[in-house]
Amino acid sequence: MSNNHLMVKQANYLFNQLIEWRRTFHQHPELSFQEFGTSQLIAETLQKIDGMKVERGIAVETSVVGTLTSGEGPTIAIRADIDALPITEENTTSYCSKNDGIMHACGHDAHTAILLGVATILADLFKKGEVTGTVKFIFQPAEESTDESGLSGSPYMVQAGIYDKVDAAIALHMCPWLPVGDVQMSDGYSMANVDVFEAKIYGTGGHGAYPELGTDPIWMLGPVMQALHGIVARKISALDAAVVSIGQIHAGTASNIIPTEVLIEGTIRSYTPETRDLLALELKKAISIVEHLGGSFSLNIERGEPALNNSALVNQWITEAMLEIYPEIQITKRPFGLGGEDFGYVTQKIPGSMFFLGCAQKEGVQRDLHTPIFDIDETCLPIGTAILAHTAVRFLNGEVNLPINQNLEAQTNGT
């Protein structure tokens, strides 16, 4: 049996275990920065693996990092996120969430189970002396939400040095819009910079029967909204990905009182740093219209995670690996959209890439990410396990075609 077929066989052998892990995590979801039971189970599982060094609480209390090493050689990191969402599950499966109002609606339970499977397979290869180098298995908390400092789990772990001296990083994400056996990949910017803003429009307010005696911030809101919704259409190139969306507007206390202020909150999404900066500039210009109408304003823009910038070089390694073990796999080349992904902090630092793994159920019901009915076809679990494990093995054994010390910007931009 070829080594390629052996990798698939090992992943398939773990199928029932992968399902058990995934369903256990799914039944006991925990919110960002609160993944205490999840991290405990991860650590206990890793500690049973021969040769695995397990570290907990690096940068974030609920983080877990496992390391396999044979000494000299390259280092690769494989990352899974472990937190859940504040969503009440509406599925009726036997493994539904047991925690009211909390659900693994983004597939992090599957990501975590897959990485445990990868660790199990690679540990066996390390024990047999079939690979050299180092693998870091990074179980990252808090991908879905931020703390009071506005940071999710990834930047804390990057700042703590977990990715120092790592040559490349890889990850996957569940993809409910593609069937099992398909993957989606993209070179360069593939998920968005995520920024949020809060603006206030100030007037004098007054009696609703005598608007001429004061300045009305609700009246000023009209041209501001028109200007805000015109930013992407008229200020950003049609070739650049960008979104400005208003999520909240609050004003007033009674029908006969003109309020003194209007609150506007929204999100700004983009791919490139240049577009990110331009959106912020145009946002300020749009809201400053109120100054010509007798009002004033304040604006605060909070910069969130950076865009996921996939290395073309790392994507090439992943593609070569998956085609070796799954020659019939279907690969869609397309960015993943304007959602956020804090793995972008990692790809800012080192060459890295995330691909989306088809997991749609065959029943035909669209079970989208972040919905109460999200679920997966669990036959995708060994596929993701085999792809990540085989990519790591080829990387560690020097089977990749291009050197790993190329310029990071050239790798991420595909030049």
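This is a short talk on the fold of one protein, going from its overall build to its sheets and its core.

Hi everyone, and thanks for coming. What you see above is a predicted model, in which local features need pLDDT of at least 70 and side-chain atom pairs count only at pLDDT 80 or more, while totals for chains, interfaces and linings use all residues. Residues are numbered from 1 along each chain as its sequence is written, and side-chain values use heavy atoms, with hydrogens and water left out.

Let's begin with the whole protein. Its secondary structure comes to 11 helices and 16 strands; these are DSSP runs, numbered from the N terminus, with at least four residues for a helix (H or I) and at least two for a strand (E). The radius of gyration is 24 Å, close to the 22 Å from the globule rule for 415 residues, so the protein is as compact as a globular protein of that length. That radius is taken over C-alpha atoms, and the rule is 2.2 Å times the number of residues to the power 0.38. The C-alpha trace spans about 85 × 50 × 40 Å along its principal axes.

How much of the protein is buried? Buried residues make up 54% of the 415, where buried means under 20% relative accessible area, exposed over 50%, and partly exposed in between (1.4 Å probe, protein chains only). Take the contacts with a separation of 6 or more: residues 24 or more positions apart account for 80% of them, a contact being heavy atoms within 4.5 Å.

Now to the strands. As a reminder, strands of a sheet pair through backbone hydrogen bonds, either parallel or antiparallel. Here, two strands pair if DSSP finds at least two bridges between them. One open sheet has 4 strands in the order β10-β12-β8-β13, with antiparallel pairing. Its edge strands are β10 (242-251) and β13 (296-303), each pairing on one side only. From one strand to the next, the twist averages 20°. Strand β8 (residues 193-202) is joined to β13 by 8 bridges, and Glu198 stands opposite Asn300 in β13.

Two helices lie across that sheet. Helix α6 (residues 217-235) crosses β8, β10 and β12 (261-270), running at about 165° to β10. Helix α7 (residues 273-287) lies across β8, β10, β12 and β13, at about 160° to β13. For these angles, axes are lines fitted to C-alpha atoms, for helices over the stretch in contact, and the values run from 0 to 180 degrees between N-to-C directions.

Next, please find strand β3 (residues 75-81). Here 7 of the 7 residues are buried, so β3 is largely enclosed by the rest of the structure. Thr75, Ala77, Arg79 and Asp81 point one way, and Ile76, Ile78 and Ala80 the other. β3 runs parallel to β4 (residues 134-140), joined by 7 bridges, and Ile78 stands opposite Phe137 in β4.

Which residues touch the most other members of the largest nonpolar core? Among its 71 residues, they are Ile78, Leu122, Phe137, Phe139, Met174, Leu357 and Ile387. Such a core is a set of buried Ala, Val, Leu, Ile, Met, Phe, Trp, Tyr and Cys residues joined through side-chain atoms within 4.5 Å. Leu357, in β16, also stands opposite Val183. Phe139, leaving aside neighbours within four places in sequence, has contacts including Ile42, Leu46, Ala80, Leu115 and Met157.

That's my tour, and I'm happy to take questions!
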